Amino acid sequence: MSDRYLVLLRGVNVGGNKKVPKKELQAVLESIGFTDVTVYINSGNAVGTHTGLVAAGEVQSALTAHFGFEVPTLVLPSAKVRAIAAAIPEHWTNDSPNPEKTGYQSNVAYLFDDVNTPDVLEMLGHDPAIENMIYVDGAVIQSISRANQARGALAKVIGRKLYAHMTVRNVNTARKLAELLDL
């Protein structure tokens, strides 16, 4: 029995560090049994089909062996990715930044297993007065006005230990990744 999976890499292709080219990511995934691999934008997002259960450790080991540096990796089955995307309120958007700081930023913080608990909202320092946050198994979904963005929980967690246990994508990317699992 085969299933579709989302593979998320944390901290690659940011500021020219830890470069993971799309073609090489695809080749590594194919070398460990993935088929129908699609790499979406060059920020560590891939979907593919695999027979059997896929362990994130197996994918991470293959990436480390190929690239020569550790790449924190999440591997999520299609059902979980779809459930996360379905939990994003339809009206939550990720508007383009602008000088007036109008509009909204909405993100999905995909969680590694060790912090995948409803308590993560408290650990993040969620402030309901300035942001909306939803916990769903595997992720925290946040929407915050551009004016308050720097004061939000996801902005404040950068640099803290907790930040190393999640990988963040905007809601547009999260929705697209769920869509790609259906192709």
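## Helix H3 and its contacts

In this predicted model, the buried residues of H3 pack against strand E1 (2-9), strand E4 (73-77), E5, E6, E7 and H6. Contact means heavy atoms within 4.5 Å. Helices (H or I, at least four residues) and strands (E, at least two) are DSSP runs, numbered from the N terminus.

The buried residues in H3 are Ser-78, Val-81, Ile-84 and Ala-85. They lie on the same side of H3, because the arc they cover around the axis is only 125°, taken from the directions from the helix axis to the C-beta atoms. Ala-79 and Ala-86, on the other side of H3, are exposed. Buried means under 20% relative accessible area, exposed over 50%, and partly exposed in between (1.4 Å probe, protein chains only).

## The four-stranded sheet

An open sheet of 4 strands follows the order E6-E7-E5-E8, with antiparallel pairing; two strands pair if DSSP finds at least two bridges between them. Strand E6 (131-136) and strand E8 (166-170) each have a single partner strand, so one side of each is left without a neighbour in the sheet.

E6 and strand E7 (residues 139-145) form an antiparallel pair over 6 bridges. Within this region, Tyr-135 stands opposite Val-140 in E7.

## Helices packed on the sheet

Helix H3 (residues 78-87) packs on the sheet and touches strand E5 (104-111), E6 and E7; its direction makes about 155° with that of E6. Angles run from 0 to 180 degrees between N-to-C directions, with axes as lines fitted to C-alpha atoms, for helices over the stretch in contact. Helix H6 (residues 171-180) also packs on the sheet, touching E5 and E8, and its direction makes about 95° with that of E8.

## Basis of the values

Residues are numbered from 1 along each chain as its sequence is written, and side-chain values use heavy atoms, with hydrogens and water left out. As this is a predicted model, local features need pLDDT of at least 70 and side-chain atom pairs count only at pLDDT 80 or more, while totals for chains, interfaces and linings use all residues.
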